[in-house]
Structure formats: structure tokens, C-alpha cells
Amino acid sequence: MPTDNPEPKTVHLIVADVWKKGEEEPLQVHVLLMNDDADGLVETALQILANEGYEEAELLEIGTLTSEPEEEPHLSAWKTALTGQAALIEFDE
């Protein structure tokens, strides 16, 4: 029997410190993505970071967003993740 309230889509949020080759100080990033394979979530996140040119990564936190964020840049990233694409937010500080 179909339901009128479909289960909300879960977007994963991964917080990491990352380094490009030769850098001494880390850059903090947030990766937002949907992934049905909980076991492969970490591997997927690390592959995304490697594809963006980060040589090293230290995952600090992994969580989920079950509702729309109120502020940017997470709002746009969340919307991107809902389309099936990964979103990467880089922080300078």
C-alpha cells in the first residue's frame, strides 16, 4: 500500500581535515552525499576527496542531515546531494 509520507532522504555529512601535497596545515572540508551503502560511505568520501586533489584526509565526524539546513553554504550543498551528486564545502579557516 503506498504511503502519502515517503521516507525522507538522508544526506550524509562528513567533516574532514585534508591536505594537498606539500601542505603542512590542513584545510577543513564538509562532504555532503547520499549513499545507500553505509559500509562504503567512508571509502566513497575518501575517493571524492582524492578526486579533488587531496593527498591525505583525516575524517573527523560522520553524521546525517534529515532536514533542510537553514543557512548557506550547507543549504545549496544539501540540495546538490539530493540530486545524487556529492557536494564539497571547503573552509579557509
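In which element is Val-42 found? Val-42 is found in helix α1, and the legends below return to this residue after an overall view.

**View 1. The protein chain as a whole, in a predicted model.** The structure shown is a predicted model. Two helices and four strands are present in the protein chain. Followed along the sequence, these elements take the order β-β-α-β-α-β. Measured out along the principal axes, the C-alpha atoms fill a box of roughly 55 × 30 × 20 Å. The protein chain has 93 residues, and 31% of them are buried.

**View 2. Strand β1 and the cover over its residues.** Strand β1 spans residues 11-19. This strand is mostly covered, since nine of its nine residues are buried. The side chains of β1 can be followed in two sets: Val-11, Leu-13, Val-15, Asp-17 and Trp-19 point one way, while His-12, Ile-14, Ala-16 and Val-18 point the other way. The residues of both sets are all buried.

**View 3. The pairing of β1 with β3.** Strand β3 covers residues 56-65 and pairs with β1 in the antiparallel sense. Nine bridges join these two strands. Within this pairing, Leu-13 stands opposite Gly-63 of β3.

**View 4. The pairing of β1 with β2.** Strand β2, formed by residues 27-33, also pairs with β1 in the antiparallel sense. The pairing runs over seven bridges. One position to locate is Val-15, whose bridge partner in β2 is His-30.

**View 5. Leu-60 and Thr-64 in strand β3, each with a residue distant in sequence.** Leu-60 has its place in strand β3. With a relative accessibility of 38%, Leu-60 counts as partly exposed because this value falls between the limits of 20% for buried and 50% for exposed. Leu-60 and Val-15 are 45 residues apart in sequence, yet their C-alpha atoms are 5.5 Å apart in space. Thr-64 is likewise placed in strand β3. Its relative accessibility is 46%, and Thr-64 therefore counts as partly exposed. Along the chain, 52 residues separate Thr-64 from His-12, and the distance between their C-alpha atoms is 4.3 Å.

**View 6. Met-34 in the loop that follows β2.** The loop between β2 and α1 contains Met-34. A relative accessible area of 30% makes Met-34 partly exposed. Where does the chain bring Met-34 in relation to Val-11? The two residues are 23 residues apart along the chain, and their C-alpha atoms are separated by 4.9 Å.

**View 7. Val-42 in helix α1 and a nonpolar surface patch.** Helix α1 is made of residues 41-51, and Val-42 is found in it. Is Val-42 buried or partly exposed? Val-42 is partly exposed, because its relative accessible area is 34%. Together with Leu-46 and Ile-62, Val-42 makes a nonpolar surface patch of about 220 Å². A residue must have over 30% relative accessible area to belong to a patch, and the 34% of Val-42 therefore satisfies this cut-off. The view also includes Leu-59, which lies 17 residues from Val-42 along the chain. The C-alpha atoms of Val-42 and Leu-59 are separated by 8.4 Å.

**View 8. Lys-20 over the ring of Tyr-54.** Lys-20 lies over the face of Tyr-54. The distance from Lys-20 to the ring centre is 5.1 Å. How many aromatic pairs does the structure hold? The number of aromatic pairs is zero.

**View 9. The cis peptide bond that leads into Pro-73.** The peptide bond from Glu-72 to Pro-73 is cis. Its omega angle is near 5°. Pro-73 belongs to the loop between β3 and α2, where α2 comprises residues 74-82.

Key:
Residues are numbered from 1 along each chain as its sequence is written. This is a predicted model: local features need pLDDT of at least 70, side-chain atom pairs count only at pLDDT 80 or more; totals for chains, interfaces and linings use all residues. Side-chain values use heavy atoms; hydrogens and water are left out. Patches are made of residues with over 30% relative accessible area and no salt bridge: like charges are joined within 9 Å, nonpolar side chains (Val, Leu, Ile, Met, Phe, Trp, Tyr) within 5 Å. Accessible areas come from the Shrake-Rupley method with a 1.4 Å probe; for residues, only the protein chains shown count as cover. A salt bridge is a side-chain nitrogen of Lys or Arg within 4 Å of a carboxyl oxygen of Asp or Glu. Buried means under 20% relative accessible area, exposed over 50%, partly exposed in between (1.4 Å probe, protein chains only). Rings of Phe, Tyr and Trp (its six-membered ring) pair if their centres lie within 6.5 Å; planes under 30 degrees apart count as stacked, over 60 as edge-to-face and the rest as tilted. A charge sits over a ring if NZ of Lys or CZ of Arg is within 6 Å of the ring centre and within 35 degrees of the ring normal. Two strands pair if DSSP finds at least two bridges between them.
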